[in-house]
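Thank you all for coming; I would like to walk slowly through one structure today, and I will explain each term when I come to use it.

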Amino acid sequence: MSTKYILAAGSLVFAALPAWAGPAEDALIDKVVQAYGGEAVSSARSLIIRNHNKIIPFGQSAGPDVLDISDGRTELVIDLENRRKSFSSWNKNRAGTFLTQTVFADDAAYTLDHVNKTRAANQNAVFDAIGGGTVRSVDLTLVYVLLDNRDQAQAAGSSVIKGTPHSALTFPMEGSPDLTIHINDQTGLITRMTRENAQFGTLSYNFSDHVSDGGVMYATQANFQIAGQANTLSVFREIAVNTATDAMFPDGDGYREAGAQIDRSEMTVRDLGQGIFYVGQNIGFSIFVDAGDHYVASGGYAALTQRFEALQEHTGTEKPLRYQIVTHHHSDHVGGMGEAVALNASLITVAEHVAPIQASLESPLADDRFMLVDGRATLAGGKIEVFDIGTAHSNHYLLVYLPELNLVFSADHFSTALEEGLPPANKNMTTFRTAVEALNLDIDGFLGAHGPRMLTMSDLRRATDGYREVVCPNNAAICSN
Ligand SMILES: [Zn+2]
């Protein structure tokens, strides 16, 4: 350690160099390891972490006034000896039930969808990032991240949490902003971990009800908060040491390859005819309709301005964006509303979604910049029809229909980036189908806000025919723990 301490002195002169753990950090790290089981921690061969959580969505409920709290069960298996990981997730939410498993073995990762029996390779996956959310939400696994990065740990001051003195340590985690753990000075146990998120602010992970089990300590209760708002709450947690088996790392034999995805990394402008354009990249696409002396758009992801500029460059015109149809109130789909307002567009929405849209803007928008749809509306001289439908995803959802092309533009219900095949069905999609069929429209195609492949009405029917919500695939233990 003495060499490292000399380097630490050097780093005071060259401030750009990383600081290195010195005696103060080493003493604190040793205290933490001791508190969590000492030898039992450092000699453990594997960990199995089982969680049952309640998840409180952030701007993603079916309506803005009632939170749709979902149920999540996870199992993270860490093979410390062979550097393997398996992260399984059983999720029950308004869209249905989902059971997926991501396995990291031999420096490669893949995800198995146990409901649809598909296997997809995860490109560029790193070991730390597999089940990373769970690793950060479990105090014992934070001790392992700390040990992996102990040379870079830095003391980060002291604080008093609920009347008890704590000392803090900051250290890196691959694929994440740095982590700061707050250690109880008396017990050496971790009470809290914090990290900073550029978009959302401080993320905090709070630990309590520590137990000793199998020679190690861990908190049986954890809660995760985003800028002080509760997001994930523990119902139940247990950790088993040295009981992992090879069978916990299945290779997905017999599963169908999920197939390649369309490359969406470049901004593209698709001229669909009749003055209608589909523009976007990555997971943000918009539809623009030329209404003569202005454009009407839908698809409200952030970077709306870049999409509109790409359209103007493509068409060589400078017509303004006068109206933006807001598909629904979810935080990601109103991410570009500040840009729409800056482009001087008025917002077309339903009365129920004015408040969440206003909340997404930096300053309140005048009432006369909102056009409210009551049931249905016709825009741009009949080039656009808008219908307020209700689905599992959103109680009020504005469906955009372009009669000249028999085309529907929608968000979060029916789209895919797969080069071939259909997206797996869920309750969003099946309730969307029911609502769309009830409109009795002549529909040839569907394009989505997440892009980019054109799908058809018969695709929607084929994808959703026979859909049933799965109770618990393969009788997996994770569904019932
Ligand atoms: Zn949504």
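Let me begin with a question: which residue in β26 is the bridge partner of Phe409? Before I answer, please keep in mind that this is a predicted model, in which local features need pLDDT of at least 70 and side-chain atom pairs count only at pLDDT 80 or more, while totals for chains, interfaces and linings use all residues. Residues are numbered from 1 along each chain as its sequence is written. The helices (H or I, at least four residues) and strands (E, at least two) that I name are DSSP runs, numbered from the N terminus.

The partner of Phe409 is Leu447, and the two strands involved, β25 (residues 407-410) and β26, pair in the parallel sense over four bridges, where pairing means that DSSP finds at least two bridges between two strands. They belong to an open sheet of five strands, in the order β22-β23-β24-β25-β26, with mixed pairing. At its edges stand β22 (376-379) and β26 (445-448), each of which pairs on one side only. After β26, in the loop that leads to α10 (457-464), we find Pro452, and the peptide bond from Gly451 to Pro452 is cis, with omega near -25 degrees.

Phe409 and Leu447 also appear among the contacts of Ile287, which, leaving aside its neighbours within four places in sequence, include Tyr278 and Val400 as well; a contact here means that C-beta atoms, placed from the backbone, lie within 7 Å. Ile287 and Val400 touch the most other members of the largest nonpolar core, which has 52 residues. Such a core is a set of buried Ala, Val, Leu, Ile, Met, Phe, Trp, Tyr and Cys residues joined through C-beta atoms within 7 Å; a residue is buried if 20 or more other C-beta atoms lie within 10 Å of its own, exposed if 12 or fewer, and partly exposed in between. Strand β24 (residues 397-402) gives this core its largest share, six residues. There is also a second, separate core of 45 residues, and Val41, Val138, Ala153 and Ile181 are among them.

Let me turn to the other sheet I want to show, an open one of seven strands, ordered β15-β16-β17-β18-β19-β20-β21, again with mixed pairing. Here β15 (268-273) and β21 (370-372) are at the edges with a single partner strand each, so one side of each is left without a neighbour in the sheet. β15 pairs with β16 (residues 276-281) in the antiparallel sense over five bridges, and Arg270 stands opposite Tyr278 in β16. In the loop between β18 (295-298) and α6 lies Ala303, which has a positive phi of about 80 degrees although it is not a glycine.

My last stop is helix α2 (residues 23-35), whose 13 residues should span 18 Å at 1.5 Å a residue (the expected span is 1.5 Å times one less than the number of residues), and its end C-alpha atoms are indeed 18 Å apart. Which of its residues are buried? They are Glu25, Leu28, Val32, Val33 and Ala35. These cover an arc of only 165 degrees around the axis, which puts them on the same side of α2; the arc is that of the directions from the helix axis to the C-beta atoms. The face turned away from that buried side carries the exposed residues Pro23, Ala27 and Gln34.

Definitions and conventions:
Contact = placed C-beta atoms within 7 Å.
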